[in-house]
Amino acid sequence: MSSTTRITVTLPSDQVAELRKLTDNVSGYVAEAVARQIRHQLLGDDLRRHEEERGHFSDEELAEARAKVFGSVDSSKDSDAA
C-alpha cells in the first residue's frame, strides 16, 4: 500500500455537492483525478520534448497515434477493400 498524506483542499460548494453525488469516496475520486492529470501533463511534456529533439509529428504519425488511442476512425475504408 502506498503512503498517503492528509491535506486540505478548498473547492466551490457546487462542485463538492456534485462530487458527493458521484462517490462516497471523495479522497479516492480526487486522487484518481489528480493521477490522471499528472499522467496527462507528463505525456504532454514528453511529446513536446520529442518534437523539440526530432521535429514536428507528421500527419501520418498523428493519424497512427489517433488510431491507436481511439481506434480506426474511418472503418469504411476497410469495408471498401474487402
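The following exercises concern a predicted model of a single chain.

**Exercise 1.** Determine how many helices and strands the chain contains, and the order in which they occur.

*Solution.* The count gives 4 helices and 0 strands. Reading along the sequence then yields the pattern α-α-α-α.

**Exercise 2.** Establish which elements have the lowest and the highest mean pLDDT.

*Solution.* Begin with the whole chain: the average pLDDT is 89, and 87% of the residues score at least 70. Turning to the elements, helix α1 (residues 13-22) has the highest mean, 97, whereas helix α4 (residues 76-81) has the lowest, 51. Where pLDDT is low, the predicted coordinates should not be read in detail.

**Exercise 3.** Classify T23 as buried or exposed, and identify what its side chain reaches.

*Solution.* First, locate the residue: T23 lies in the loop between α1 and α2. Next, apply the cut-off: buried means under 20% relative accessible area. T23 has 17% relative accessibility and therefore counts as buried. Buried residues make up 4% of the 82 residues in the chain. Finally, the side chain of T23 reaches the backbone nitrogen of N25 at 2.9 Å.

**Exercise 4.** Identify the residues of the nonpolar surface patch and the helix that gives the most to it.

*Solution.* The patch is formed by L22, Y29, V30, V34, I38 and L42, which together have about 540 Å² of accessible area. Helix α2 (residues 26-54) gives the most, with 5 residues. V30 belongs to helix α2; patch members need over 30% relative accessible area, and V30, at 32%, is partly exposed. For the chain as a whole, about 7900 Å² is exposed, 52% of it supplied by carbon and sulfur atoms.

Key
Residues are numbered from 1 along each chain as its sequence is written. This is a predicted model: local features need pLDDT of at least 70, side-chain atom pairs count only at pLDDT 80 or more; totals for chains, interfaces and linings use all residues. Side-chain values use heavy atoms; hydrogens and water are left out. Patches are made of residues with over 30% relative accessible area and no salt bridge: like charges are joined within 9 Å, nonpolar side chains (Val, Leu, Ile, Met, Phe, Trp, Tyr) within 5 Å. Accessible areas come from the Shrake-Rupley method with a 1.4 Å probe; for residues, only the protein chains shown count as cover. A salt bridge is a side-chain nitrogen of Lys or Arg within 4 Å of a carboxyl oxygen of Asp or Glu. Helices (H or I, at least four residues) and strands (E, at least two) are DSSP runs, numbered from the N terminus. Buried means under 20% relative accessible area, exposed over 50%, partly exposed in between (1.4 Å probe, protein chains only). pLDDT is the predictor's confidence in each residue, from 0 to 100. A polar contact is a pair of N or O atoms within 3.5 Å; within protein, one must be able to donate a hydrogen and the other to accept it, and residues adjacent in sequence count only if both atoms are side-chain atoms.
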